Amino acid sequence: MRLEAITFDLDDTLWDNGGVMRRTESGHYAWLDEALHEWLEERLGEHDDGASPPGASGRFAERFPLEAFIEHRLRLAGAHPLRRGDFTWLRRRALTELLGAYGLAPAHAEGWAIRAMERFMALRHEVTPHDEVEALLSELGKRYRLASITNGNVEIARLPLGRHFPVAIAAGEMLAPKPDPRPFLAALARLGAPPSRALHVGDSWAEDALPARRLGMQAAWIGPDDRPLPDGIHRLDHVRELPELIAWLEKKNHRNPA
């Protein structure tokens with residue numbers, strides 16, 4: 001077996017995502033609360049005829065704290081299982097519904113939800129890749145065809161790293177989030193590589209390592225423990241260890257060509 005292609009998960013594989021999401025979640029919601037408050041204050045100052053939304057009293061985030069937004073989003077995911085991985089849709093829909101419950105007219109609720117999601121996406125893309133990632137991808141791209149496969153809503157083309165990924169699969173938007181095999185198969189089809197000649201790199205045992213291996217890919221699992229591994233799944237502590245694994249696979253493949 002000769003390795004031809006490598007697919008990568010993004011969040012918590014090429015960068016640490018926990019802090020990014022905490023800043024993004026709280027940041028876009030605080031922005032919405034403040035911007036909406038200012039807009040409503042302006043409307044109150046301009047109109048004495050009740051033109052302001054009659055139900056929109058008090059601060060939005062006081063009536064609907066961030067925790068209420070998260071709970072509403074989770075309920076939506078349960079009510080729309082096909083959309084459970086389409087996080088952008090779920091967030092925008094949840095915001096629109098809460099803004100409507102707050103008292104905004106449908107057009108205003110949708111407009112503010114869209115603006116809040118624009119702020120969310122701006123913050124979502126303020127990621128800092130691990131120090132080794134840029135050079136790693138540059139070198140791997142000279143020898144292998146590369147793709148990204150993510151359940152998240154990062155648009156890799158918006159990041160400098162996007163230049164390394166001619167193929168980028170947003171599994172949630174496909175309505176087939178990992179561990180569904182379809183995003184893996186879509187990436188491999190566009191890369192022109194069979195599973196037996198591809199390696200997938202990711203941090204999730206259930207959503208990266210296992211589904212990739214079931215398809216016949218090699219899997220590099222960036223995992224936190226030393227559980228027994230089935231053949232074809234290789235544990236890494238960090239993505240920086242990937243070149244060593246690839247060198248070992250190449251040496252092994254040279255001894256046993258297929």
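The largest pocket of this predicted model holds about 390 Å³ of space. Its lining is made of 23 residues, and those closest to the centre are Asp 11, Phe 87, Arg 124, Asn 151 and Gly 152. Four helices, α3 (66-79), α4 (87-102), α5 (106-124) and α8, each supply at least two residues of this lining. By class, the lining of the largest pocket has eleven charged residues, six polar ones and six nonpolar ones.

The structure also holds one cavity of 30 Å³ or more. About 40 Å³ of space lies in the largest cavity, and the residues that line it are Gly 85, Asp 86, Phe 87, Thr 88, Asn 151, Gly 152, Asn 153, Gly 172 and Glu 173. Six of these lining residues are polar, two are charged and one is nonpolar. Phe 87, Asn 151 and Gly 152 appear both in this lining and among the residues closest to the centre of the largest pocket.

Several strands pair in the parallel sense. The table lists three such pairings, with one facing residue pair for each.

| Strands | Bridges | Residues standing opposite |
|---|---|---|
| β2 (residues 145-150) and β3 (residues 167-170) | four | Ile 149 and Ile 169 |
| β4 (residues 198-202) and β5 (residues 218-222) | four | Leu 199 and Gln 218 |
| β5 and β6 (residues 233-236) | four | Ala 219 and Ile 233 |

Strand β5 thus pairs with β4 and with β6. Helix α8 (residues 205-214) joins β4 and β5 in a right-handed β-α-β unit. This helix also supplies at least two residues of the lining of the largest pocket.

How many of the five residues of β5 are buried? Five of the five are, so the strand is largely enclosed by the rest of the structure. Its side chains point two ways: Gln 218, Ala 220 and Ile 222 to one side, Ala 219 and Trp 221 to the other, with all of them buried. Gln 218 is the residue that stands opposite Leu 199 of β4, and Ala 219 stands opposite Ile 233 in β6.

Strand β3 has another pattern. Its side chains alternate, with Val 167 and Ile 169 buried on one face, while Ala 168 and Ala 170 point to the other face and are not buried. Ile 169, on the buried face, stands opposite Ile 149.

A search of the whole structure finds eight aromatic pairs. Two of them involve Tyr 29. With Phe 60, Tyr 29 forms a tilted pair, 5.7 Å centre to centre and with 50° between the planes. Tyr 29 lies in helix α1 (residues 18-46) and Phe 60 in helix α2 (residues 60-63), so this pair ties together parts that are 31 residues apart in sequence. Both Tyr 29 and Phe 60 are buried.

With Phe 69, Tyr 29 forms a stacked pair, where the centres are 5.3 Å apart and the angle between the planes is 20°. Phe 69 lies in helix α3 and Tyr 29 in helix α1, so the pair ties together parts that are 40 residues apart in sequence. Phe 69 is buried, as is Tyr 29. Ring pairs link Tyr 29, Phe 60 and Phe 69 with Phe 64 and Tyr 102 into a cluster. Helix α3, in which Phe 69 lies, is also one of the helices that supply at least two residues of the largest pocket's lining.

Methods: Residues numbered from 1 in each chain as written. Predicted model: local features only at pLDDT ≥ 70, side-chain atom pairs only at ≥ 80, totals over all residues. Heavy atoms only, no water. Buried < 20%, exposed > 50% of the residue type's maximum accessible area, 1.4 Å probe, protein only. Pairing = 2+ DSSP bridges. Right-handed = clockwise from strand over helix to strand, strands pointing away. 1 Å grid on protein atoms, 1.4 Å probe; cavity = no way out; pocket = protein on both sides within 12 Å on 5 of 7 lines; lining within 4 Å. Points joined across faces, edges and corners; volume = space filled by probe spheres on them. Nonpolar A, V, L, I, M, F, W, Y, C, P; charged D, E, K, R; others polar. Phe/Tyr/Trp six-rings, centres within 6.5 Å; stacked < 30°, edge-to-face > 60°.
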